[in-house]
Every structure is written in structure tokens, then in C-alpha cells.
Amino acid sequence: MTIVITYTTKKIVVKFSAFNKEKHIHVKWEEKCQTKLPQAESGADVPRTSTHPPTAQLSYCERKKIRPGYLEQSFQNRFCYANVTVETDFQRLTQDHPWLLTERLVVKPDQLIKRRGKLGLVGVNLDLNGVKEWLKPRLMKETMVGKAKGTLKNFLIEPFVPHQQEEEFYVCIYAAREGDYVLFHHEGGVDVGDVDAKAQKLLIGVDEKISEDQVKKELLTKGPNDKKAVLASFIVGLFNLYENLFFTYLEINPLVVTKDGVYVLDMAAKIDATADYICKSKWGDVEFPPPFGREAYPEEAYIADLDAKSGASLKLTLLNPRGRIWTMVAGGGASVVYSDTICDLGGVNELANYGEYSGAPSEQQTYDYAKTILSLMTREKHPDGKVLIIGGSIANFTNVAATFKGIVRAIKDYQGPLKEHEVTIFVRRGGPNYQEGLRVMGEVGKTTGIPIHVFGTETHMTAIVGMALGHRPIPNQPPVAAHTANFLLNSSSSTSTPTSRRKGPSENKAKVEGSPAKKVKAGAPVTKASTLFTKHTKALVWGMQTRAVQGMLDFDYVCSRDEPSVSALIYPFTGDHKQKFYWGHKEILIPVYKNMSDAMKKHPDVDVLITFASLRSAFESTMETMQYPQIRTIAIIAEGIPEAHTRKIIKAADEKGVTLIGPATVGGIKPGCFKIGNTGGMLDNILASKLYRPGSVAYVSRSGGMSNELNNIISRTTDGVFEGVAIGGDRYPGSVFTDHVLRYQDTPGVKMIVVLGEIGGTEEYKICKAIKQGRITKPVVCWCIGTCATMFSSEVQFGHAGACANQASETAVAKNKALKEAGAHVPRSFDELGEIIKSVYDDLVSKGVIQPAEEVPPPTVPMDYSWARELGLIRKPASFMTSICDERGQELLYAGMPITEVFKTEIGLGGTLGLLWFQRRLPKYACQFIEMCLMVTADHGPAVSGAHNTIVCARAGKDLISSLTSGLLTIGDRFGGALDAAAKQFSHAFDSGMLPMEFVNKMKKDGKLIMGIGHRVKSINNPDMRVQILKDFVKQSFPASQLLDYALEVEKITTSKKPNLILNVDGLIGVAFVDLLRTCGVFTRDEADEFVEIGALNGIFVLGRSMGFIGHYLDQKRLKQGLYRHPWDDISYVLPEHMSM
């Protein structure tokens, strides 16, 4: 793994790669030189680069000399290092690195270990023998670093840089929401201590530039005067490198400045991996090993590769391969909740893995993911057996049944090992078509004999963890959830949960909760709207997301809105047009615009934009959106937008008073008013969670999947949701918890607030402060997920990019404690979240704050035909039937054979033709015979009618398809189309028992030509070698050739009359193919005769000769032949005599 940083006069280039949202990198610098500085050691080994998420410090090879004023001139750092492992041959090492024998040395482990100096893991000022002695008690020895236990395997040796303590400094740059902080301390080194408290700090705001004067004034006040110019120049250059190459953290300690230059002795860094598409050419390729104390596994790399090739999200981290508790969880937020619950219930030491799959992976991707986990968990037996928890929240748009098909396939493949290892499986899932998914999962348990316990949305999300760990009983017959299609039925029988008193439509229009942002004059302070959505909100959708738009319209309809909430779509890749959607039972047209300006101009009442732009185009489209003052709310769905871009979006939004939801979000929902995209899932979940009318509880969450779970929990424990927003899982969401919590506080219809926070960041502390200051007076139920992180011995990067704690205060445990102390209602675990919400709600009802009211059923909405068919609710005769090919799955199938198998078995073109034409896997000799037929029929010169027509057409300037078609249209009984006729004539005569002479005489008597007999040029004395080659192959390879033998007897009779009445190539292929079909053993006699009757054999000539026709077309184009005109002297003009007179 390598990182190359090249300094030139105006730019610094870094090469490395990244794994997830943000990664630590271990940097080794190799700079190019145009000065007289000493050159880097030639032939130096490429260094091994270390990296891993959140808090691991990464070593940086010493001996990096940076010339003062390096931005003013090109230079090269003097840099040399050597890697040492247990396999290192020191004699060979000194040959490759002769400086090891002449210089004083530094040696240290290179395995993502922080504070190596304090741990006694740095050997300083040693000779080579001293290095060897220092390594003896450490190399391949097990060591404890904090809570992590690991083996020291990889070490670095570098030249020692002599310097004084006062020449050591500390420099750090790190990203924050408001900009980038630069820290400098005039005392660096191992004992730098608490740099946050000691160091001088300078904030460079988003889109602001750093200057040397700024650095000297703000950071170098305590630095030595004689070094201020050098340090200021270096820090400015370092910041430019940091910014241009999308670093998010860069720490140098110590930075040594001597009279000879500047040396970077140790450096730790993190990069924003989502900027890969911007910086790939500069970063290059780097692998990211796990942190110290956890081994790297090939299965993790395999899943990471699947993830990189997929639009979905697939993550796997192995924590304890010998553990008995394994998880396969859908959703980034849900995966953390399940890990939390397992650890809370005492399973931390038995938890084998962390991972998640989300973003609607295909059946094949889910299968690959599932089989990897099943393979891992069935390698070692556990005395207590093992459990597999297949969990997840309620999906917003993923077809649960489709993803479960992949898991079911894997379970069937591994049913033997699963039973042998006594694996019990617990399943809980919700979302589109989840009932079918659960049914299939239950069926596979019955058919395989594997104990599989299946639960749906009626069961609390993490209840299966308690069941799996023996903390709660397993219900014998869990309640059966309503079928997905039940929203077609208008029923008001469900009155199990109370509902708040709601206003009628006329009253809603008269009184709107909160206040939208008012238009302000230029220069006036901009305030954001306290009410984002009403029953009259209109939106634009960026992207051709027809399914999401239809979901919004169906939601509008069940909410009894007067008009659709979507005014238009913006799609830059097509021209302006209209797209058809459904509004209840009738079809409507919604305009689609190529340009955003046109959409804004024609729909001035729109104030919300929902952008489904990709991570690459989301920044530009969002910044363009904010040029239009009418837009007050923007929802950014895309995940993986570079953090630097997100911060620029946030800054622009704050300046313009625009509320952002996202990035990396599913959106938000306001029951009875408006929903963003796929939020809330399909209509069955909308109705089950009573999202078609407002309740009294407002929530804010980071996770989109968990927001839908909150909809479910709140609907089951209270009168329902008033409004819910998923702010997104990225490090810098466009809006933060307090933005929405304070809106809810100021909204009269909201009676209580639920917050689902998570590990990472400090936004939850603002809620604590607001509660203490009395700014928030309504009851707040809050829980931060990620409590398991503090229990792991090594660091784990969770599914959300922002879910990592860089300091103790950012842990979920610390935030939950602070929230409870501030006065929020905090459960002991997520398992108890629903109970706490119900308790607070019941208390508000008892106090009269919330008054329950009658439930009013919503209007019915027809189900889309495509979805109803997928659910198996309807059937319709297909317009077409096919039995040769299926492209719908993960892999193309030819007559049921996967395309990978086609290549793996090397069946060739003949075998492929056998699959597509005859639906059979043909014997090898048959495949070879087909290919020989294609070869001998490929061409027969330019004079034949088909080639002639193709040439004439090509010379007339026509395209390839037209020219080819012109040639093919000449094929018939007289040219090339005799294969079928010959096969029919000869097989009919042979089957009827006619002797060859009788057959010849009968054809002569009937006045018919014998198809396949005769040639214009070839004769018995001048044989056609094509016929001879095929005849020899048939005689040698076919089990029998009765019809060919019969045809050869006929040939003897016909050539005795005239030497050119030979069995030609058409005739031989025709009769030999009948022999193949009848004797190869894969067809019945009826099937063989049917293929002859339907004209399959002529296809051989058509396919083969097409190659020649295309060759003639290309030849004419290559020769640049002009328009063909037939010469007069080759035309006999015979006119009627009376016309000539």
C-alpha cells in the first residue's frame, strides 16, 4: 500500500485510496526533486500503508525533510525507510538499503498504534545491531494496547534525525461543521499532553483562505521568532494540501524545524473517501488494514469488493469468528441498534460480527453476502450452538421478499452445516412485501429442518435478540400481520390505539401550524421557516424517480389533499415532456423539464425541492437550486457527497435561509400533509402507522430506516406522528437535531418530542442545554444508539459515516447520560424505547394535554398493476412467451444455463447456438460440427447473389444493417436456402423406405429438383473441399450417419448422369444435421423432425453467410468504392418490336 505526495511549485499531490466515508491513512512521502538536496534512496521498498476508522493514530515515517519556503521552489524530501517482518532477511535488507549500516536509526511498529513512544514501542538512536536486539523481545509478540490485544508483526526502520527538544512543534488540522481548525503548539513530541487546551487555534471558515500573516498572528505568538517565517509558510502549504486533497484530519507531531530545514517525524491523517471520484488520480490505490488487535480477513475484503461494485451498501467486520452470535441486519442504523442490544444483554464477548446490507441490494448480492456469513459461522462448532439474527427496521423502499430470496438460497445451500452446528435463526423485518418474505423464510425452516423463528412489524424490532439470547420467551404463534394488499380495503375496524382530536379540512386551511419563512428584502437577516410542510406544499423532484413520485401522490390522495404535492420533475438528460402518473383512480400528466430555470419559472408556487441527484451531481444541482429564492426546503437523498461539498451547501443554505434535510437521508414526513420521496414506505405501512393524519408526537432521527421504525413504534404506543424527519447519517447533516426539535417546541400541534441520536458528534448536547435553559419545555424522549462501541476492544466503523466517536463526549453512553441528567426521558436501552414513549404519552393524556378522538378511515387507493403482480395478487396472460433466455435476474440465462457457466464449461459458439436454438446442451462433437458449418458457409465469393446485393447496397452509401439485409433477402431455394428442403426431401424418402434409385426416378417423374444436389462449378472430378471436410468429420464423429449414407447413394446415381450433380454443401449440411438431431441422444424423434419442419437448418446458412456479407460490406467501405452502375455492354436490351417502330 503506497501513498505518494509530490510537491511542485504550485501544487502538492497525494496518492492513496479509501474504504468507507472517512479513513485514517498512514502516510509515507516520496517527493520529486529539482534542487541540490540529497536524493531519496534508490530501490527503496514501497511502504506498507496503515489505515482504519475513527480514533486509531497512524504512524508516519520519520526523516522527511521539507525545504523552507517549499511553495516558492521545487524540492525533494530526503526520505528512506525499511520494512521489517518475521520473514525479513537482514543481509538482503542491508543490500537494498545500505544506509542501514552507516546511519543511526529509529525503529517502531507500523500497525495503527497510538502513542507508541509512551508505550515503549519506539527505539531511538540505535545502530543496526541495536535495532535487531530491540526487535527480539517485540517482533511477533502479543501486546496489549489499551483494551486491544494483538501481535506486533510489522516494523519500520528509518534514519534518526538529531535535534533539540525546543525544535519540536505540534501542528494539527481537522474539519468541523463551520470550517477547518488549525492547531499549533510551540512544544511538540511525546509529552505534548492535552493539545486542545494548550494549542493556539485558528478557524478557517468554509470557502475562506488561509494566509501567512493570519498564521503568524493567531498561531505563532509563542513560536520562536527566527522560525516564524518558515513555520507560517509550511502551515499554509500544509493547509492547502489538506484542503485540495480532501483530508478531514491531519496531525504532525513532532514537526521538527532545524537550521537545515523542516522534518515531519510523525503524522496521522484521515481522508474523506467519498471524494474518491474527485481525487482518484491523485490518491492512487491503497488498502486499509484493520486496527491493532483485529486481524484482516479475506471475507471482509470480498464484501468490500461487492460493496464497491454495487449501488447498494454491503458491510462486514469480523469481531470474533469463534463467537456464537451472528447478525445479518438490513440498514445502517438498525445494524447499530442490534449490536447495542446484543451487548446490553451480555453478548458482547460472543458477538461474532458487525455488518449491514441496505439500499435495495439484488437477490444475487444478498445471496453472496449471506453465504459469506453462513460460511464463516459454520467453520467452528460452539458447545452451546449458534444463533443468527436476521433483523432490520421497516424498509422504506427495499422489496423485502426479493432480498430474502437471496438469503433463502444461501440457507438452502448451507442447510447441512447449519444443522450440524446447531444454528437457530431469528428473523424480524418489515417493509414492502415483507409478508411474502417472512412466509418464504418460514417455509425454508420447515423444509430444511432448521429452527427459524419469523416475526414482522407486530414485534418490537429488537425483541428477537432477547429471544435468541434466552432473555425472553419465543411466542409459539406470533400474530399474523395484515397482508400488503389490505390497504385496498376501506375498513375502520382498527381502533386499538387512541388518536388525538383533529381539525376538519376547512379548519386546517384557516389555521396553519407555525409560520413559513417570509420573503425578505435584500440585505435583511434571513430566517428559516418554522413550518416546512403544509397540506398545500408543492414540490419539484430532481431525477426521474417515478416510483418515489407515485408514492408521494398516493400519500397525498389518502391524506385527502386537494391537489398532488409534486408539481414537476427536473431531468437534465431528456427534453421537456410529460410523465404519466396516477391520482387515485385516474391518470394525470406531470411535466418534466430539462432545465431547472424553466421549472421554477412555470411553477412559482413551489417551495420544496427533493433531489435524487447522484453523489457526483448533487452538489452542483443543490447549489443551483439555492439560486431561486422561492425554494425554502431542500431534501438531498444522495449518500456519499464529499464532506467539503456538504459544508459549502450548508453555508449557502444558512445564508439564504433554506432548510436542508440530508444528505444521506430518506427524507421526512408530515402526516396528512406531505412526504418526501420514499419516506414511510408503501401505502400498507402508511396506513398501518396512521401516517395519513397527524398525531401528537414529532420525532427526529439520523437513520432513514429507523425513522420508519419510529413511525411504527409511535403509532403503536401513542396517537401517532405529527411530523418526522431523518436528518441523514453523514458527518455533517444539512440540519441538526436542534433545528427540528426547536421547531417542534414552537409548533402547538406537537405535544411530545422523540429524538433518536447516535454515536458521534455533539449535537445532542445542544438539546441538553436547551432543556436546562427552559427553551424546550415539552417532554423529550431521547436515545442515542451506538452504546456497544465502548464495549468493543477494537474500533468498528458503523454503517453511517458520522457514527464514530473521536472523543469520550461523543460516545452514545456519555450523551445518553447527559440527556438524562438534563431532564430528557432516556430508556435503559432501545428495547425499552417504546415503553418510555407510551409512558410519557399516557401521562400527557391523563393530564388532558392530549385528548383522544375517534379514528376516521382514509380513502382507498388502487394498487399499481406491476406491484400487485409482484405480490402475486393478480394474474394476466402474457403477451409474449419465451423459453430460451432470461435476463431478469442477477445473471443472464441461456436456456437456464448461467452465462458464467457458458464460459466456464467452454461450450463455444456451437454450444451457445445449441442452447438458444435447440434448448439443449449438445455433445461436444455436435457443437464442433455446428461451428464447422458456420465456417464453411461464411462466404463463397462476391459473385453469388447475396454477396452481390450486399456490395451494391454498400456502394450506394447504405449502412451495414441495410446492406446485410439486402443480401439476406436473396436467400431462398435457389440460393442458400436448400438446407431445410434437402433435409425434408431426403429424410422423407429414407423414412418411407424408398430406394435411392426410386427416389431419383420419383423426383424426375414429378418434375422436381432434388434439393442439395448440383453445383454450378464443382463436380465429381472437381470436388468441393467444404463438402469433403464435413463428410469426413461426420463419418469419424457421429454415432450414425444413415441419412448421409443415403444421400451419397443418391449422389452416385445423379453424377452418373451428369458429373456436376454432386451432393453440395447445402445438401450435406441438411442431411448431416438430421443425423445429428436423431442420433445425438438429446432429442426425441418427434423433436428432431419438428426442428426440420420449422426451418431451423436454414438458420445455419443465414448465420454463417451473414459473416461473409458483413465482410463484403466492410471491404467495400475500406476500399472506398463508389456508387455501382451496371455496364451497358453486360445488358441485353430487348424491346418489343412495335415499340421500336
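These legends walk you through several close-up views of a predicted model.

**View 1. A salt bridge joins D305 and K309.**
Welcome to the first close-up, where the side chains of D305 and K309 meet in a salt bridge, with 3.0 Å from N to O. How exposed is K309? Its relative accessibility is 66%, so K309 counts as exposed. D305 has a relative accessible area of 35% and is therefore partly exposed. Side chains of opposite charge can pair when their charged atoms come close. If you enjoy this kind of contact, there is plenty to look for, as a search of the whole structure finds 42 salt bridges.

**View 2. K847 pairs with D843.**
Here is another salt bridge, formed by K847 and D843, and the closest N and O atoms are 3.1 Å apart. K847 counts as exposed because its relative accessibility is 58%. D843, at a relative accessible area of 34%, is partly exposed.

**View 3. R888 and D886 form a salt bridge.**
In this view the closest N and O atoms of R888 and D886 are 2.8 Å apart. R888 reaches 71% relative accessibility, so this residue counts as exposed. D886 has a relative accessible area of 21% and is partly exposed. The cut-off helps here: buried means under 20%, so D886 at 21% falls in the partly exposed class. Elsewhere, salt bridges that share partners link D991, R1078, R1085 and D1089 into one network.

**View 4. Y865, L873 and I874 make a nonpolar patch on the surface.**
Look for these three residues together: Y865, L873 and I874 make a nonpolar surface patch of about 250 Å². Where does I874 sit? You will find I874 in the loop between α25 (865-870) and β38 (885-886). With 36% relative accessibility, I874 counts as partly exposed.

**View 5. Eight residues line the largest cavity.**
Now for a look inside the protein, at the largest cavity, which holds about 40 Å³ of space. How many cavities of 30 Å³ or more are there? The count comes to one. The lining of the largest cavity is made by I394, A395, G431, P432, G681, M682, D684 and N685. Sorted by class, this lining has four nonpolar, three polar and one charged residues.

**View 6. Two cis peptide bonds precede prolines.**
Take a moment with the backbone here. The peptide bond from N253 to P254 is cis, and its omega is near 0 degrees. P254 belongs to strand β14, which covers residues 247-258. G662 and P663 are also joined by a cis peptide bond, with omega of about 5 degrees. Which part of the structure holds P663? P663 lies in the loop between β30 (659-661) and β31 (668-670).

**View 7. M140 and E906 have positive phi values.**
Stay with the backbone for this pair of residues. M140 is not a glycine, yet its phi is positive, at about 65 degrees. To find M140, go to the loop between α2 (128-135) and β8 (142-145). M140 has 38% relative accessibility and so counts as partly exposed. E906, also a residue other than glycine, has a positive phi near 55 degrees. The loop between α26 (899-904) and α27 (908-918) is the place of E906. Is E906 buried or exposed? E906 is exposed, because its relative accessible area is 68%.

**View 8. K535 and S565 sit 8.5 Å apart, C-alpha to C-alpha.**
Along the chain, K535 and S565 are 30 residues apart, and their C-alpha atoms are separated by 8.5 Å. K535 is in the loop between α14 (505-510) and β24 (539-542). What is the relative accessible area of K535? The value is 18%, so K535 is buried.

**View 9. E422 and D384 lie 8.2 Å apart in space.**
The last close-up shows E422 and D384, which are 38 residues apart in sequence, with 8.2 Å between their C-alpha atoms. E422 lies in the loop between α11 (415-420) and β21 (423-428). E422 has a relative accessible area of 55% and is therefore exposed.

Notes: Residues numbered from 1 in each chain as written. Predicted model: local features only at pLDDT ≥ 70, side-chain atom pairs only at ≥ 80, totals over all residues. Heavy atoms only, no water. Patch = residues over 30% accessible without salt bridge, like charges linked within 9 Å, V, L, I, M, F, W, Y side chains within 5 Å. Areas by Shrake-Rupley, 256 points an atom, 1.4 Å probe, with all protein chains shown as cover. Salt bridge = Lys/Arg side-chain N within 4 Å of Asp/Glu carboxyl O. Helix = DSSP H or I, 4+ residues; strand = E, 2+ residues; numbered from the N terminus. Buried < 20%, exposed > 50% of the residue type's maximum accessible area, 1.4 Å probe, protein only. 1 Å grid on protein atoms, 1.4 Å probe; cavity = no way out; pocket = protein on both sides within 12 Å on 5 of 7 lines; lining within 4 Å. Points joined across faces, edges and corners; volume = space filled by probe spheres on them. Nonpolar A, V, L, I, M, F, W, Y, C, P; charged D, E, K, R; others polar.
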